[in-house]
Every structure is written in C-alpha cells, then in structure tokens.
Amino acid sequence: MMKKLVACALPFLALAVACGGDEKKPPQTPPPQPTATTADTTPPPKQEQMAVNVDNDIIKACNLKFTNVEDAPKFDYDSDELTPAEKDILSAIAKCLTTGPLKGRSVDLVGRADPRGETEYNMTLGAKRARHVHNFMGTLGVPSDKMHDTSRGELDSSGKDEAGWRLDRRVDVKLRQ
C-alpha cells in the first residue's frame with residue numbers, strides 16, 4: 001500500500017520540485033538535542049562543510065587535491081546551502097568539465113538525505129540539493145545537458161546517529177559512463 005502511495009505521489013513531487021516547492025518545510029522529526037553524555041563524546045562540527053562526494057574517476061582525471069571525502073562533513077540538517085569549500089571543489093570540477101581532461105563529459109548529481117524526515121520530504125530535499133549543485137556548476141559554464149540530477153532521498157541512508165546521518169546528507173558527483 002505504501003509503495004503505491006509513493007508511486008502515485010512521485011509525479012506531484014516532481015512538479016513540486018520543478019516549481020520550487022516549500023524550501024523551509026520542516027521535517028517531521030526534529031534533530032536530537034545534545035545531552036551532557038552525547039556532548040562529551042561527540043566532536044564539535046567543523047567550520048567548513050563539504051556536502052559533495054566526488055567520484056574517484058573525477059578526482060584522478062581532474063587532479064583534485066583532498067583526502068578522504070567520506071570523512072568530510074556534509075550538508076547541515078534540513079539544508080541545501082553550499083559553503084565556500086564546496087564551491088571551490090565544484091569550481092575545480094566545472095573547470096575540468098569545460099576546459100580540462102573531462103571536457104564534454106557528463107556527470108550524475110545524486111542528492112541524498114538522512115532518514116529523519118518523511119520519505120516524500122527527503123526525496124524533495126535530495127532533489128533540491130542536486131539542483132543547487134547543478135545550478136552552481138551551470139553558472140561556471142558546465143552545460144545543463146551535461147549534468148543529470150536526481151534524488152535518492154533517504155533510500156540508501158545508513159546512518160544510525162548524527163555522525164552517520166551527516167554522511168547521508170550529500171550530493172554525489174559521478175562521471176557518467
């Protein structure tokens with residue numbers, strides 16, 4: 001029954017995303033508030049957030065200089081905003097796709113979310129994250145037809161706590177085969 005409901009809702013969801021939707025609709029479940037126990041064991045968030053997970057093929061071809069993307073912080077809770085660090089990485093990828101070794105190649109932009117909101121909300125949030133990356137790279141000259149954005153929402157999320165949920169909140173940038 002739930003699968004049919006989701007399948008019926010997807011065309012309306014796509015329309016809502018295309019029309020902009022309600023960008024500030026809060027998810028159903030608020031983030032957990034830190035307690036003395038969790039605050040003592042959880043490291044404070046880093047100043048710079050990196051919400052993009054870049055495919056190894058792109059890292060190698062574009063000669064990007066950063067270490068373990070999986071360990072990098074991702075989107076803040078209920079956010080689709082890019083930080084200066086993310087914009088720097090996307091700028092390097094855009095340059096590689098427009099004038100560098102990957103000139104003319106296409107990429108998939110896959111928006112993702114943690115599992116704490118409703119399924120439909122998370123699909124919309126993942127789509128907004130992918131669209132935000134798409135629009136930013138478009139301003140840098142990457143042709144729109146070379147970027148294919150989609151959302152997986154919470155479908156592949158694996159986090160069980162804030163540290164894991166941070167890894168779930170991202171946009172994967174993958175070289176299209």
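How many bridges join strand 2 to strand 3? Let's find out, starting with an overall look at this predicted model.

**View 1. The whole protein chain, from end to end.**
Here you can get your bearings: the protein chain has six helices and four strands. Follow the elements from the N terminus and they run α-α-β-α-α-β-α-β-α-β. Of the 177 residues in the protein chain, 40% are buried. About 10,200 Å² of the chain is exposed, and carbon and sulfur atoms supply 57% of that. Now take the contacts with a separation of 6 or more: residues 24 or more positions apart account for 81% of them.

**View 2. The open sheet and its four strands.**
Read across the sheet and you get the order 1-4-2-3, with mixed pairing. Strand 1 and strand 3 (147–153) each have a single partner strand, so one side of each has no neighbour in the sheet. From one strand to the next, the twist averages 20°. Back to that opening question: strand 2 and strand 3 run parallel and are joined by six bridges. Look for D108, which stands opposite H148 in strand 3.

**View 3. Strand 4 and its partners.**
Strand 4 is mostly covered, with four of its five residues buried. Strand 1 runs parallel to strand 4, and three bridges join the two. Strand 2 runs antiparallel to strand 4, this time with five bridges. A handy residue to pick out is V173 in strand 4: V54 stands opposite V173, and V173 is also the bridge partner of L109.

**View 4. Two helices packed on the sheet.**
Helix 4 packs on the sheet, where it touches strand 1, strand 2 and strand 4. The direction of helix 4 makes about 40° with that of strand 1. Helix 5 packs on the sheet as well, touching strand 1, strand 2, strand 3 and strand 4. Compare the direction of helix 5 with that of strand 3 and you get an angle of about 155°.

**View 5. Inside the largest nonpolar core.**
This core has 27 residues, and I58, L90, I93 and M137 touch the most other members. Which elements give two or more residues to this core? They are strand 1 (52–54), helix 3 (56–62), helix 4 (84–98), strand 2 (107–112), helix 5 (119–139) and strand 4 (171–175). Helix 4 gives the most, with six residues. Zoom in on L90 and leave out residues up to four places away in sequence: L90 touches V52, L82, V133, F136, M137, L140 and V173.

**View 6. The loop between helix 3 and helix 4.**
Two residues in this loop are worth a close look, N63 and D78. N63 is not a glycine, yet its phi is positive, near 55°. D78 is not a glycine either, and has a positive phi of about 60°. Is D78 buried or partly exposed? Its relative accessible area is 26%, which is above the 20% limit for buried and below the 50% limit for exposed, so D78 counts as partly exposed.

**View 7. L167 and F75, far apart in sequence.**
L167 belongs to helix 6 (residues 162–168). L167 and F75 are 92 residues apart in sequence, but their C-alpha atoms are 8.5 Å apart in space. With a relative accessible area of 31%, L167 is partly exposed.

Definitions and conventions
Residues numbered from 1 in each chain as written. Predicted model: local features only at pLDDT ≥ 70, side-chain atom pairs only at ≥ 80, totals over all residues. Heavy atoms only, no water. Core = buried A, V, L, I, M, F, W, Y, C linked by side-chain atoms within 4.5 Å. Buried < 20%, exposed > 50% of the residue type's maximum accessible area, 1.4 Å probe, protein only. Contact = heavy atoms within 4.5 Å. Pairing = 2+ DSSP bridges. Areas by Shrake-Rupley, 256 points an atom, 1.4 Å probe, with all protein chains shown as cover. Axes fitted to C-alpha atoms, helices over the stretch in contact; angles between N-to-C directions.
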